[in-house]
Amino acid sequence: MAKTTAKSAPAAPKAPAAKKTAPASDTVADNGSANGRSGPSVQPILNQQFNAPAPLQKYGTVSQRLPIGLDANTRQESVEMLNQMLADTCTIRDMYKKHHWQVVGPTFYQLHLLYDKHYEEQDALIDMIAERIQILGGVAVAMAADIAEVTSIPRPPRDREEAPVQVSRLLEAHQIILKNCHDFAKRADDSGDDGTNDLIVSNVMRTNEMQVWFVSEHVVDTPLARAE
Ligand SMILES: [Fe+2]
């Protein structure tokens, strides 16, 4: 349907705002019948985390809820591998954003854009890995503090570093992820978890290999104007 344009009718003059005569009990003090109303309340029930029962599922456990044709041991092994891959992927994603912000020098513009592109690609991988973990019946690691404990990628300093140092850190991180990709893909194949094998080979491995290529070329010392 076409939108009504401003030309269709002159704006009506604004009616004077009605004087607000709030009742004495304007604030809803509880979840019950404020202002004498009965029936369902629109008041949110807050702070339920403080008296929550046991969690629905503990981290590290794997449920067999979804009928996907994989046995418990296969799921457990895949979930453990994928949580490692998820933590490492979150870490390299965040390294790309750190370096996107902090890069300096003559290659600033190229690297600034490239780092952000790689950040977005790693972010997409994170969602695929985490959702695969949930499909397998596991619990995906999610919060930064937990990721810091699980990842095997060395923690970079908070400081701003030269572009070649940034690139070297990224290449080290890619190498860690890619070695795991080869190991985990083989193990998923051996256990019959084809979906996990496919995710690792087709998405995680291919993306990381491509990014290694693009980033590596920034630390090749070639002449800019005259061949030597
Ligand atoms: Fe940005």
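Helix α5 has a kink of about 30°, and the centre of that kink is methionine 205. The model is a predicted one, so the bend is a feature of the prediction. Methionine 205 lies in α5, a helix of 23 residues that covers positions 194–216. Even with the kink, α5 reaches 31 Å from its first C-alpha to its last, close to the 33 Å expected at 1.5 Å a residue.

What sits around the kink? Setting aside neighbours within four places in sequence, methionine 205 is in contact with Leu178, Cys181, Ala185 and Ile200. Histidine 182 is 23 residues away from methionine 205 in sequence, yet the two C-alpha atoms are 8.0 Å apart in space. Is methionine 205 itself buried, exposed or partly exposed? It counts as partly exposed, because 18 other C-beta atoms lie within 10 Å, and being buried would take 20 or more.

Elsewhere along α5, the buried residues are Thr196, Leu199, Ile200, Val204, Thr207, Asn208, Gln211 and Val215. The cover over them includes α1 (72–102), α2 (108–135) and α4 (163–191). Ile200 makes a handy example from this group: leaving out residues up to four places away in sequence, isoleucine 200 touches Cys181, Phe184, Ala185, Ala188 and Met205.

Ile200 also turns up in the largest nonpolar core, a set of 34 residues. It is listed there among the residues with the most contacts inside the core, together with Leu82, Met85, Leu86, Ile129, Ile133 and Phe184. Four helices, α1, α2, α4 and α5, each supply at least two residues of this core, and the largest share, 10 residues, comes from α1. As a general point, nonpolar side chains tend to be buried together in soluble globular proteins.

Stepping back to the whole chain, the protein has five helices and zero strands, so reading from the N terminus the elements simply run α-α-α-α-α. Of its 228 residues, 25% are buried. Among contacts with a separation of 6 or more, 73% join residues 24 or more positions apart.

Helix α2 is another piece worth following. It has 28 residues and reaches 41 Å from first C-alpha to last, close to the 40 Å expected at 1.5 Å a residue. Its buried residues are Leu111, Leu114, Tyr115, His118, Gln122, Leu125, Ile129, Ala130, Arg132 and Ile133. These pack against α1, α4 and α5. Two of the residues named here, Ile129 and Ile133, are also listed among those with the most contacts inside the core.

Just after α2, glycine 137 takes a positive phi of about 100°. This glycine has its place in the loop between α2 and α3 (144–150). Is glycine 137 buried or exposed? It is buried, because 20 other C-beta atoms lie within 10 Å. Not counting residues up to four places away in sequence, glycine 137 touches Val62, Ser63, Gln64, Arg65, Leu66 and Arg75. Alanine 72 is 65 residues away along the chain, and its C-alpha is separated from that of glycine 137 by 9.3 Å.

A positive phi also appears at asparagine 47, at about 60°, although this residue is not a glycine. Most residues other than glycine have a negative phi. Asparagine 47 is found in the segment before α1. With 8 other C-beta atoms within 10 Å, asparagine 47 is exposed.

Finally, a word on confidence. The mean pLDDT of the protein is 88, and 84% of its residues reach 70 or more. Over residues 1–33, however, the pLDDT is below 50, and this stretch has 11 contacts in the model beyond near neighbours in sequence. Where pLDDT is low, the predicted coordinates should not be read in detail.

Technical notes: Residues numbered from 1 in each chain as written. Predicted model: local features only at pLDDT ≥ 70, side-chain atom pairs only at ≥ 80, totals over all residues. Expected span 1.5 Å × (residues − 1). Bend = angle between axes of the 7 residues up to and from the residue. Buried ≥ 20, exposed ≤ 12 C-beta atoms within 10 Å, placed from the backbone. Contact = placed C-beta atoms within 7 Å. Core = buried A, V, L, I, M, F, W, Y, C linked by C-beta atoms within 7 Å. pLDDT = per-residue confidence, 0-100.
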